[in-house]
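Reader: I'm in my first year and still learning how to look at a protein model. Could you take me slowly through one part of this one, and then show me a few other spots to compare with it?

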Amino acid sequence: MTEIENSKLEKLKKFFIESGSAAIAFSGGVDSTFLAKVAHQVLGDKMIAITLVANSFPKRERNDAIDFCKKEGIPQLEIEYDELSVPGFKENPVDRCYLCKKELFKMVKSAAKERGISVVCEGSNMDDTGDYRPGLRAIKEMGVKSPLQYAELTKQEIRNLSKEYNLPTWDKPSLACLATRFVYGETITKEKLIMVGKAEQLLVDLGFRQMRVRLHGTMARIELLPEDFAKFMQEEIRTKVAEEFKSYGFSYVTLDIQGFRSGSMNYLLK
């Protein structure tokens, strides 16, 4: 741990000490796992991890979140959340994330209030200020705190500190909800979310860690790390992916030669 990382970690701990209690919006990803760990270290049973179980939340991520909380003794609350019922969400406008986060944090804040917790936190870090992220506006409007940004922690620093804490997520691939796999304007349905979820789970099962399956109509555009291209193009894997994807409902299966890019659906907005 570098001196700068230690200083930022102490600033994060101070935030929780001064808060007295906290509810963490917990997805089981790199950022929220680290945030929950530190909050629990400082606050003990005066914190709670709140996980929203939604159509766009992959089952494997839900299982990871549950397992982590059980292992760490972190109190966790799961709330069923149907984002498809949020007005405007299914139409997938450019501010879809704002619409979703606004409703999501209403539920998290309500659950926290019922438990006497006034401070609700989420896991945005300093690197999240660059890309197009309309969800950040909802976070600000709802009065939700972003302690990792308060402590000025970057993604790499969070990974480094997570490794120091021996957290299983220190080298976990970056994640985002399945709704981000849809081109803006493409109608989001439960059936399409299941298609994308099955497709990405297959790639995970085949050993691909950092990837996305983007949906364009009935075409799947697969984003992989360039160093994984050769593995993917092995006949056995390529054939299996094509056959399985088509069984899920895709008509065409493509490999994006630009490789994995976080937020690639935002390209047309620029």
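Author: Here is a walk through one small sheet, followed by stops at some cysteines and two glutamates. Keep in mind that this is a predicted model.

Let's begin with the sheet. Three strands make it up, in the order β5-β6-β7, and the sheet is open with mixed pairing. The strands at the edges are β5, covering 211–216, and β7, covering 252–255. Each of these two has a single partner strand, so one side of each is left without a neighbour in the sheet. If you compare directions, neighbouring strands here are turned by 20° against each other on average, with direction ignored.

What holds strands side by side in general? Strands of a sheet pair through backbone hydrogen bonds, and the pairing can be parallel or antiparallel. In this model, β5 and β6 (residues 219–224) run antiparallel, and six bridges join them. To find one of these pairings by eye, pick V213 and look across to β6, where its bridge partner is I222.

Now for the cysteines. How many disulfides does a search of the whole structure find? The search finds zero. C97, for instance, is in no disulfide, and the nearest cysteine sulfur, which belongs to C100, is 6.6 Å away. A disulfide needs the two sulfur atoms within 2.5 Å. C177 is in no disulfide either: its nearest cysteine sulfur is again that of C100, 6.2 Å away. C177 counts as partly exposed because its relative accessibility is 32%. C97 also counts as partly exposed, at 25% relative accessibility.

Next, two glutamates. Is E61 buried or exposed? E61 sits in helix α3, residues 59–72, and E61 is buried, because its relative accessible area is 6% and buried means under 20%. Setting aside neighbours within four places in sequence, E61 is in contact with S27, K172 and L175.

E152 lies in a loop instead, between α6 (147–150) and α7 (155–164). With a relative accessible area of 42%, E152 is partly exposed. Again leaving out neighbours within four places in sequence, E152 is in contact with K8, K11, M126 and E157. Take M126 from that list: E152 and M126 are 26 residues apart along the chain, and their C-alpha atoms are separated by 5.9 Å.

If you want to practise, go back to the sheet and trace β5, β6 and β7 in order, then find the pair V213 and I222 once more.

Note on methods. Residues numbered from 1 in each chain as written. Predicted model: local features only at pLDDT ≥ 70, side-chain atom pairs only at ≥ 80, totals over all residues. Heavy atoms only, no water. Helix = DSSP H or I, 4+ residues; strand = E, 2+ residues; numbered from the N terminus. Buried < 20%, exposed > 50% of the residue type's maximum accessible area, 1.4 Å probe, protein only. Contact = heavy atoms within 4.5 Å. Pairing = 2+ DSSP bridges. Axes fitted to C-alpha atoms, helices over the stretch in contact; angles between N-to-C directions.
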